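Colleague: I am new to this structure and would be grateful for a close look at a single part of it, told as one connected account. Where would you begin, and what would you follow from there?

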Amino acid sequence: MTVTFDSLRIDWFGYATVRLEGETGTVVYLDPGRYGVLDDVEPKDGDLVLVSHDHHYDPDGIRRVAHEDAIVVVHEAVDADEIDRVDEQPEVLPYEVERVREDESFVLGPLDLFTTPAYNEPDGPYTRDDGTPYHPEGEGCGFGVTIDGICAFWPGDSDVLPVHERLDVDLLLPPIGGSFTMDRHDVADLAETIRPDLVLPIHYDTFEALETDADAFVLDVARRAVPVVLDE
């Protein structure tokens with residue numbers, strides 16, 4: 001299902017893979033691939049591909065969505081040598097590749113972008129049994145991108161952080177699966193705080209650890225008078 005929000009068309013393929021298309025035809029992909037979410041599609045229409053961290057780095061997924069002149073923006077910590085399922089560094093891919101840090105703002109053609117920190121607090125709920133966070137600080141980022149005047153924000157795999165509560169965004173694309181990231185309760189509280197024009201949750205139900213009650217999430221957010229929709 002395609003969700004239309006003002007001049008923006010949004011498609012969630014599963015896991016963290018989202019396609020954003022503006023009225024002017026610009027196409028942006030967030031974290032494309034993994035877990036078979038792109039096995040049946042190969043659009044090759046992406047102008048910009050954003051990769052938040054190593055868990056979401058999938059060279060095959062990038063090739064499936066990016067056209068030959070695409071720009072691929074990857075967090076600086078993504079390192080194929082540290083990922084046992086891939087053997088290609090981002091710079092080997094046949095695209096213009098840019099590395100980014102957290103907390104940057106920049107312009108790519110007609111698009112305004114920014115990054116935010118994305119991590120699990122060591123003393124928070126999303127850690128391993130030994131207490132280490134699944135996503136340590138400095139190893140990933142969230143992405144905000146403004147397309148045709150609409151600012152869409154994907155926090156990446158992260159807890160809710162103080163920086164999120166200061167954001168002014170139109171479209172919030174949060175993970176709600178919990179286990180490794182903020183869960184549906186965390187996100188409902190965040191949505192009430194920043195009050196985006198629309199919340200469209202992603203990164204849930206891909207596998208057992210990400211299973212959640214999306215309908216309950218919708219009711220929770222709607223009760224707080226924040227517009228919310230599912231792409232299912």
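Modeller: I would begin with strand E6, residues 66-75, which is joined to E7 by five bridges, the two strands running parallel; please keep in mind throughout that this is a predicted model. One residue to look for along this pairing is Val72, whose bridge partner in E7 is Val97. Stepping back from these two strands, you will find them in an open sheet of seven strands, ordered E1-E2-E3-E4-E5-E6-E7, in which the pairing is mixed. Strand E7 (96-100) is one edge of this sheet and strand E1 (3-5) is the other, each of them pairing on one side only. From one strand to the next, the twist averages 20°.

From the sheet I would turn to the aromatic rings, of which the structure holds eight pairs. One of these is formed by Tyr15 and Phe207, a tilted pair with 6.3 Å from centre to centre and 50° between the planes. This pair links distant parts of the chain, since Tyr15 sits in the loop between strand E2 (8-14) and strand E3 (17-21), while Phe207 sits in the loop between strand E13 (198-199) and helix H3 (214-223), and the two are 192 residues apart. Tyr15 has a relative accessibility of 4% and therefore counts as buried, the cut-off for that being under 20%. Phe207, by contrast, has a relative accessible area of 25%, so it is partly exposed. The two rings also belong to a cluster, in which ring pairs link Tyr15, Tyr35, Tyr134, Phe180 and Phe207.

Two loop residues deserve a careful look at their backbone as well. Most residues other than glycine have a negative phi, which is why a positive value is worth noting in the two cases that follow. The loop between E13 and H3 also holds His203, which is not a glycine and yet has a positive phi of about 60°. His203 counts as buried because its relative accessibility is 1%. The other case is Arg34, found in the loop between strand E4 (27-30) and strand E5 (46-51), where its phi is near 80°, again positive in a residue other than glycine. Arg34 has a relative accessibility of 18%, and so it too counts as buried.

Conventions. Residues are numbered from 1 along each chain as its sequence is written. This is a predicted model: local features need pLDDT of at least 70, side-chain atom pairs count only at pLDDT 80 or more; totals for chains, interfaces and linings use all residues. Side-chain values use heavy atoms; hydrogens and water are left out. Two strands pair if DSSP finds at least two bridges between them. Helices (H or I, at least four residues) and strands (E, at least two) are DSSP runs, numbered from the N terminus. Axes are lines fitted to C-alpha atoms, for helices over the stretch in contact, and angles run from 0 to 180 degrees between N-to-C directions. Rings of Phe, Tyr and Trp (its six-membered ring) pair if their centres lie within 6.5 Å; planes under 30 degrees apart count as stacked, over 60 as edge-to-face and the rest as tilted. Buried means under 20% relative accessible area, exposed over 50%, partly exposed in between (1.4 Å probe, protein chains only).
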